[in-house]
Amino acid sequence: MCQRIKHYFKKPVVIAAMMTVTVFLMGAAAVFTMKDLKVGQYTPPTQAGQTQQTEARDMISLQGFASSPSFKATKEWREFEESYDPDYTKLQKAEEAGYQAPEAYTMYPCYTQEMVDKVDAICKKYNLKPLGKLWGEQRDVQKMFQMLGIPGITASGTKTQFKWLAGYYYEGGTFAVETDATLGGMTYNLQYRCSMKDTLDYVHLVVGNIEDYAQWNYALPDETVLLLALSRDKALILADQDSYFASISVLSPGNMTQEDLEALAASFDFSYVPQKVDPAKADARQAEEEAEFMSEQEKLAELEAQIAARYKLESYAKIVPNLKEDYERFGILDKVQYTLVDLNGDGEDELVIGEDGYGFELYTMSEGRTKGITLPSKFYLCDNGVIHGDESYISEAEGEWIIYQYLRLNGAETELIVRVTYNAVNDQWEKYTSYNHIPDEIITEAEAKEIINSYTHVKLDWKPITDFPAD
């Protein structure tokens with residue numbers, strides 16, 4: 001997720017990851033490496049009951065290489081912040097006094113005038129400016145790009161499909177955005193940051209051990225030279241442009257290869273130059289977004305009230321008449337059946353509605369009200385209360401997927417036991433025990449069938465929904 005917006009952080013905002021892959025360079029010697037970005041080390045705080053000191057992790061600058069003013073400035077700010085107010089007494093006094101730093105300084109973070117003065121001193125020393133005012137964009141990232149005066153950050157004609165999640169941007173043009181990128185049947189979560197070199201930026205990235213990365217330079221068709229770095233747990237795409245430094249962090253790359261990372265890097269266009277943001281236009285956009293959000297929240301509240309009045313009732317006997325109205329409207333009332341079975345072991349039956357031996361709706365009782373459980377459109381019940389539901393989909397980017405999933409009902413919520421997927425494009429079976437998009441392991445077809453066959457459907461006592469007893 002993109003960096004959360006808060007007024008006070010005692011230490012620099014970092015994104016942590018441990019790395020455990022042997023380093024090697026591809027092709028010709030790299031022009032620059034991650035060592036040229038190292039700004040210090042980060043040691044996670046010792047947790048209660050922890051007996052062994054956590055190993056320090058390398059931290060890199062996302063503002064430029066060691067020779068640049070932006071690198072030197074962010075390093076100096078970090079060193080100042082680490083030594084400033086070690087016992088937090090100044091922070092406590094500032095909070096008690098209600099001190100609020102000017103808008104352009106809150107994200108460093110500055111909670112005393114001394115800190116504001118230090119930002120100004122560093123900016124003057126390196127001929128930089130503060131980041132400026134901050135705005136967030138949670139709904140339409142393309143409008144954030146418009147505020148920055150750029151068409152976007154992706155290359156024309158790319159086959160990569162991007163799902164933009166959220167972003168934020170500063171008055172000086174620095175911005176960050178989170179996206180899911182789907183390429184070659186794999187979806188990766190990316191965090192993209194563009195740091196303008198004429199501003200004092202403060203965000204650093206914790207990367208584990210720099211020596212644990214494969215690193216190489218990769219040239220795009222327009223001759224932009226990138227530094228690519230790959231480990232088991234993180235991949236990086238770094239671009240050092242004249243006016244900004246761009247960094248793309250790929251979280252949980254899984255089985256990503258160097259070719260995969262190069263293909264992903266080629267999906268981006270680094271020729272754009274973000275412009276200084278017009279505060280009046282950005283304020284107007286933020287007000288517009290807030291109004292859109294409030295409008296949607298009101299509509300959602302109205303819809304939830306309608307749903308609650310119809311489907312969140314005191315008993316199954318009260319909800320069934322409403323369900324029968326729905327089925328009659330769809331012309332399937334004479335086909336729909338029901339059964340009652342305790343799936344979560346709480347002593348109360350769940351209401352399973354279906355036809356031809358499978359279920360398509362499931363209701364349980366929660367806090368004295370009926371609650372619908374979200375499940376695949378067709379599901380079966382197995383021994384020990386296991387719910388089996390299959391799904392499939394086809395997309396241009398990922399091809400055809402078949403998903404076999406097995407769940408249990410814990411209270412009024414579902415928990416994943418195991419999920420087995422098959423991708424026809426690469427003829428690959430995968431096993432998941434969580435909703436992470438990275439599989440636990442790649443398995444054989446025989447291993448997949450063994451998992452699938454270990455769950456046996458149970459025969460249920462189905463009755464016509466029209467025979468459900470009245471309240």
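Two strands pair here if DSSP finds at least two bridges between them. Helices (H or I, at least four residues) and strands (E, at least two) are DSSP runs, numbered from the N terminus.

Before you start clicking: this is a predicted model, so called local features need pLDDT of at least 70, side-chain atom pairs count only at pLDDT 80 or more, and totals for chains, interfaces and linings use all residues. Residues are numbered from 1 along each chain as its sequence is written, and side-chain values use heavy atoms, with hydrogens and water left out.

**The whole chain**

Start zoomed out. The C-alpha trace spans about 80 × 55 × 50 Å along its principal axes, and the secondary structure comes to eight helices and 22 strands. Of the 471 residues, 48% count as buried (buried is under 20% relative accessible area, exposed over 50%, partly exposed in between, with a 1.4 Å probe and protein chains only). A contact is a pair of heavy atoms within 4.5 Å; among contacts between residues at least 6 apart in sequence, 59% join residues at least 24 apart.

**Stop 1: strands 12, 13 and 14**

Select 350-355, which is strand 13. Five bridges join strand 12 (residues 337-341) to strand 13, and the two run antiparallel. On the other pairing, strand 13 meets strand 14 (residues 358-366), again antiparallel and over five bridges. Now pick L351: L340 stands opposite this residue, while in strand 14 its bridge partner is Y363. Strands 13 and 14 form a hairpin with two residues between them, and D356 in the turn has a positive phi of about 55 degrees.

Is strand 13 mostly covered or mostly open? Mostly covered: six of its six residues are buried. In a regular strand the side chains alternate between the two faces of the sheet. Colour E350, V352 and G354 one way and L351, I353 and E355 another, and you have the two sides of strand 13, both covered.

**Stop 2: the three-stranded sheet**

Next, select 38-42, 57-61 and 204-208, that is, strand 1, strand 2 and strand 7. They make an open sheet in the order 1-2-7, with antiparallel pairing. Strands 1 and 7 stand at the edges with a single partner strand each, so one side of each is left without a neighbour in the sheet. Neighbouring strands here are turned by 35 degrees against each other on average, direction ignored. (Axes are lines fitted to C-alpha atoms, for helices over the stretch in contact, and angles run from 0 to 180 degrees between N-to-C directions.)

Strands 1 and 2 pair over four bridges; to find the register, look for K38 opposite I60. Then add residues 69-83: this is helix 1, lying across strands 1, 2 and 7 and running at about 25 degrees to strand 1.

**Stop 3: the eight-stranded sheet**

Which order do the eight strands of the next open sheet follow? The order is 3-4-5-6-11-10-9-8, with antiparallel pairing. Strand 3 (134-137) and strand 8 (214-219) are the edge strands, each pairing on one side only. On average, neighbouring strands of this sheet are turned by 20 degrees against each other, direction ignored.

Zoom in on the strand 3 edge. Four bridges join strand 3 to strand 4 (residues 161-170), with E137 opposite G167 and G136 opposite Y168. Strand 4 goes on to strand 5 through eight bridges, antiparallel, and A166 has E178 as its bridge partner there. Strands 4 and 5 form a hairpin with four residues between them; G173 in the turn has a positive phi of about 110 degrees.

**Stop 4: S195**

Stay with this sheet and click S195, in strand 6. What surrounds S195, leaving aside its neighbours within four places in sequence? The contacts are L62, Q63, T174, D201, S243, Y244 and F245. S195 counts as buried because its relative accessibility is 0%.

**Stop 5: L303**

Finish with L303, in helix 6. L303 is partly exposed, with a relative accessible area of 44%.
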